[in-house]
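Let's take a look inside a protein model and see what we can find there. Have the structure open while you read.

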Amino acid sequence: MKQTTITTHPNIALIKYWGKRDENLFLPTKSSLSVGIEALSTTTTISSSPTEQDIITINGKPAEEKHAQPILDFLNFFRTSQPVPKESLCVQTSNSFPTAAGLASSASGFAALALALNKFFNLGLSKQELSILARQGSGSACRSLFDGFVLWNRGEKENGSDSFATQIYPAAHWPTLRIIIVIVAPDAKKTSSRSAMKNSVATSPMYKKWIEESEKNLVLMRQAITDKNFDLVGKLAEEDCLGMHATAHTSNPPVNFWTPATHTIMELVKKLRTDHNISCYFTIDAGPNVKILCQEADVQNILAQLETTPGVVNSIVSKIA
Ligand code: PMV
């Protein structure tokens with residue numbers, strides 16, 4: 001039986017994507033910048049379905065409707081936008097990490113799906129074309145097509161043909177950079193990033209201000225990455241994350257992805273800087289888990305502190321994918 005398997009990595013945004021200027025085409029309000037997370041991965045296998053229905057399994061079990069539906073929608077979108085036979089498919093996807101817990105499983109998931117469909121149907125699409133397609137499964141997925149340091153350019157065109165990701169540096173540009181993924185709650189989050197960001201755009205009085213700051217910070221971030229200026233990269237990433245979450249906290253109804261353990265880790269990171277002279281910074285996506293940006297030389301010291309911190313379920317150290 002013909003089948004195709006692809007593995008991708010999630011990414012973590014240092015300058016966030018949060019909000020769309022076109023909901024149907026998944027066009028972002030502004031550009032964003034991320035790094036790939038080598039230690040986490042999604043593996044997706046596509047084969048022909050033995051029935052007339054598409055079959056979706058996640059982590060070895062039939063997917064719950066709320067997780068299956070976006071994948072089914074993407075398959076239908078793919079069938080209408082690409083010259084492929086209208087056959088039903090079996091999509092088996094598994095994550096090496098908690099699914100839908102703000103660890104970007106949708107980014108690696110839709111990137112893997114786009115790549116696997118391209119290979120399964122032998123379409124020969126370019127990474128740029130696949131980035132545009134993956135974007136329409138989950139915005140951040142367009143960045144998981146690439147390794148290293150990745151920019152998702154907002155684009156200007158109404159049809160979205162210039163809104164795709166590109167690699168700005170490979171991982172080898174900065175081999176000592178590390179991300180510690182601190183899992184405080186492995187359960188799936190209650191509010192999807194899709195609905196929460198829509199709510200921020202529509203109702204947060206802070207949204208416009210954050211966009212302005214974030215656009216400026218993106219320029220500074222690119223230069224800081226070029227210069228390998230770790231403290232500036234960390235400071236900008238932390239600022240951007242806090243700004244993004246502020247728009248969620250101030251939306252109506254307010255959305256809060258953090259738990260008490262999230263706050264504990266944020267405080268720990270600040271304490272490591274001030275009291276222990278360890279240079280590290282946090283960033284958080286649409287979930288309670290925290291990613292700590294640090295340098296290779298500080299990893300063991302930070303892990304030792306995390307081991308004795310209440311609320312930490314697991315800490316995973318990663319290089320840039
Ligand atoms: O791609 P989505 O719809 O899961 O949104 C991702 C949003 C954040 O992870 C919070 C930020 C980002 O740029 O990845």
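## Before we start

A quick bit of vocabulary: helices here are DSSP runs of H or I with at least four residues, strands are runs of E with at least two, and both are numbered from the N terminus. Keep in mind, too, that this is a predicted model.

## The cavity

How many cavities of 30 Å³ or more does a search of the whole structure find? The answer is 1. The volume of the largest cavity comes to about 30 Å³.

So who sits around the largest cavity? Its lining is made up of L75, F78, R79, V84, P85, E87, L89, L117 and F121. Helix α1, which covers residues 65-81, supplies the largest share of that lining, with 3 residues. Sort the lining residues by character and you get 7 nonpolar and 2 charged, with no polar ones.

## Strand β9 and its neighbours

Now for strand β9, residues 89-95. Is this strand mostly covered or mostly open? Mostly covered: 5 of its 7 residues are buried.

Strand β9 also has pairing partners. With strand β6 (residues 42-48), β9 pairs in the antiparallel sense, over 7 bridges. With strand β7 (residues 55-58), β9 runs parallel, and 4 bridges join the two.

One residue to find on screen is T93. In β9, T93 is the bridge partner of T44, and T93 is also the bridge partner of I58.

Technical notes
Residues are numbered from 1 along each chain as its sequence is written. This is a predicted model: local features need pLDDT of at least 70, side-chain atom pairs count only at pLDDT 80 or more; totals for chains, interfaces and linings use all residues. Side-chain values use heavy atoms; hydrogens and water are left out. On a 1 Å grid over the protein atoms alone, a cavity is a set of points where a 1.4 Å probe fits but cannot get out, and a pocket is an open set with protein on both sides within 12 Å along at least five of seven lines; lining residues have an atom within 4 Å of a point. Grid points are joined across faces, edges and corners, and a volume is the space filled by probe spheres set on the points. Ala, Val, Leu, Ile, Met, Phe, Trp, Tyr, Cys and Pro count as nonpolar, Asp, Glu, Lys and Arg as charged, and the others, Gly among them, as polar. Buried means under 20% relative accessible area, exposed over 50%, partly exposed in between (1.4 Å probe, protein chains only). Two strands pair if DSSP finds at least two bridges between them.
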